[in-house]
Amino acid sequence: MKKKLPLNGITVLDLTNVLSGPYASLILSDLGASVIKVEKPNGDDSRRYGPFIDKKSCYFLSLNRGKKSILLDLKKEEDKKIFEKILSNSDVLIENYRPDTLKSLGYSWSRLKKNYPKLIYAKISGFGENGPMSKLPAYDVIVQAMSGIMSITGSSKDSFSRVGTSIGDIAAGLFCTIGIISALYDRQSSKFGTKIDISMLDCQIAILENAIARYSVSNQNPIPLGTDHPSISPFGAFNTLDEKIVLAAGNNKIFKKLCFLLSRKDLYSNKLFTDNEKRNNNINVLRYEIEKTLKLKKSKYWIKILSEAGIPCSRINRISDVLTNKQLIKRNMFLDYFLSNKKKLKVSGNPIKIAGIEETKISKKAPNLDENKIEIFKMFNIKL
């Protein structure tokens with residue numbers, strides 16, 4: 001018998017827009033939940049974000065595959081009745097509206113809890129449900145800056161950069177998903193739902209790794225280090241004859257192996273590099289010495305011999321390189337998304353691999369705006 005996905009039978013009513021919420025509901029969908037995407041009259045804002053194929057947003061397609069769309073205007077009483085009919089048969093309600101928007105429409109947590117006691121209500125906002133900033137809106141770049149992540153990202157102490165993917169939204173979506181799944185588990189014994197309050201800013205703080213601890217110890221602000229690591233060396237990008245490669249010698253054993261492989265036993269015996277702390281303090285000298293050897297040959301040569309020796313390393317791949325990576329292809333991390341005109345694009349697959357679940361190589365479709373209205377009406381016995 002074919003094994004079912006773990007969230008099979010769970011219905012998610014998705015009021016979210018653009019990225020943080022749609023990313024969370026995409027994960028839930030990939031894990032087997034049925035996601036009903038309620039869109040405002042002009043649809044999810046991301047339907048107007050490029051790139052486009054035949055006037056369809058590839059941004060929207062990649063985040064909303066496998067979901068069903070219905071257009072509802074929650075300012076209209078007739079649409080509220082439809083919404084409430086679906087809500088009464090849903091396990092999870094997720095939204096990332098501006099603060100108090102859902103409450104102003106008549107759906108405060110106190111009302112939801114009373115009328116739908118088993119409902120799990122998850123809200124993503126910029127700053128959470130309490131605190132002096134709770135009413136303010138936010139975007140990814142704002143929370144990257146405000147959280148300090150931008151201050152430790154870049155090529156030098158005066159060169160700050162936004163992380164190249166929207167990690168402010170994505171981290172919030174991931175933590176929201178964890179919260180929802182935890183609440184579903186708890187509901188099995190408690191028989192009651194709960195409210196989950198996710199702040200984008202909180203989530204950025206949660207992924208700061210050890211930056212807060214480092215400041216607490218040294219009383220000095222961490223700074224951008226380019227590709228280097230603040231606590232481990234050598235751990236970053238190094239020049240070869242033709243291009244940079246990345247090396248990671250996370251302990252003395254790997255560092256010794258690296259030095260011997262480069263025919264640089266002198267580096268291993270050098271008093272400046274005898275332990276990780278010293279290597280970290282003298283990274284500029286160490287980089288110069290390593291690169292002096294690496295620049296004698298091309299990156300392809302070094303990647304081959306370093307990999308064969310078990311030393312962690314990589315080229316700095318571009319997306320075109322990533323799409324041909326045999327490891328990722330084997331792991332089914334690229335799905336074919338077929339458009340109605342038989343054109344095809346690639347979208348990312350599900351990184352959560354579950355024993356006994358057979359994965360497809362073809363992506364489910366993302367819905368057109370209001371495409372599934374009649375189907376949803378039938379699912380929830382709503383009269384046309």
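This passage walks through the parallel sheet of a predicted model, then its helices and its salt bridges.

We can start with the sheet. Six strands line up in the order E5-E2-E1-E6-E7-E10, giving an open sheet with parallel pairing. At the edges sit strand E5 (68-71) and strand E10 (195-199), each of which pairs on one side only. From one strand to the next, the twist averages 20°.

Strand E1 covers residues 11-14, and Thr11 belongs to it. E1 pairs with strand E2 (residues 34-39) over 4 bridges, in the parallel sense. In that pairing, Asp14 of the chain stands opposite Lys37 in E2. Back at Thr11, the relative accessible area is 12%, and since the cut-off for buried is under 20%, Thr11 counts as buried. What does Thr11 touch, once residues up to four places away in sequence are set aside? The list runs to Ser34, Ile36, Asn89, Ser90, Asp91, Val92 and Phe380. Two of these can be placed right away: Ser34 and Ile36 fall within E2, which spans residues 34-39. Val92 belongs to the stretch 92-95, that is, strand E6.

Further along the sheet comes strand E7 (120-125). Is E7 mostly covered or mostly open? Mostly covered, as it turns out: 6 of its 6 residues are buried. Ile120, Ala122 and Ile124 point one way from the strand, while Tyr121, Lys123 and Ser125 point the other way, and burial holds for all of them. E7 has a partner on either side in the sheet order, E6 and E10. With E6 it runs parallel, and 4 bridges join the two; here Ile94 has Ala122 of E7 as its bridge partner. With E10 it also runs parallel, this time through 5 bridges, and Ser125 finds its bridge partner in Ser199 of E10.

E6 and E7 are linked through side chains as well. Glu95 and Lys123 form a salt bridge, with the closest N and O atoms 3.0 Å apart. Glu95 lies in strand E6 and Lys123 in strand E7, so this pair ties together parts that are 28 residues apart in sequence. Neither end of the bridge is out in the open: both Glu95 and Lys123 are buried.

Now for the helices. Helix H7 (residues 167-190) lies across E6, E7 and E10, and runs at about 165° to E7. Helix H6 takes in residues 140-147, and its buried residues are Asp140, Val143, Gln144 and Ser147. Viewed down the axis of H6, these buried residues fall within an arc of 105°, so they line one face of the helix. The spacing fits a simple rule: an α-helix has 3.6 residues a turn, so residues three or four places apart point the same way. What do the buried residues of H6 pack against? They pack against H7 and helix H8 (200-206). Right after H6 comes Gly148, with a positive phi near 95°.

H8 deserves a closer look through Ile205, which lies in that helix. At 36% relative accessibility, Ile205 counts as partly exposed. Apart from neighbours within four places in sequence, Ile205 is in contact with Ser147 and Ile212. Ser147 is one of the buried residues of H6, and although Ile205 and Ser147 are 58 residues apart in sequence, their C-alpha atoms are 6.0 Å apart in space.

That leaves the rest of the salt bridges. The count for the model comes to 25. Beyond the Glu95 and Lys123 pair, one of them brings together the side chains of Arg48 and Asp45, at 3.1 Å from N to O. Both ends of this bridge are partly exposed, with a relative accessible area of 43% for Arg48 and 23% for Asp45. Another salt bridge joins Asp336 to Lys344, with the closest N and O atoms 3.9 Å apart. Its two ends sit in unlike surroundings: Asp336 counts as buried at 15% relative accessibility, whereas Lys344, at 47%, counts as partly exposed. Elsewhere, Arg264, Asp266, Glu289 and Lys292 are joined into one network by salt bridges that share partners.

Terms used: Residues numbered from 1 in each chain as written. Predicted model: local features only at pLDDT ≥ 70, side-chain atom pairs only at ≥ 80, totals over all residues. Heavy atoms only, no water. Buried < 20%, exposed > 50% of the residue type's maximum accessible area, 1.4 Å probe, protein only. Contact = heavy atoms within 4.5 Å. Pairing = 2+ DSSP bridges. Axes fitted to C-alpha atoms, helices over the stretch in contact; angles between N-to-C directions. Salt bridge = Lys/Arg side-chain N within 4 Å of Asp/Glu carboxyl O. Arc of directions from axis to C-beta.
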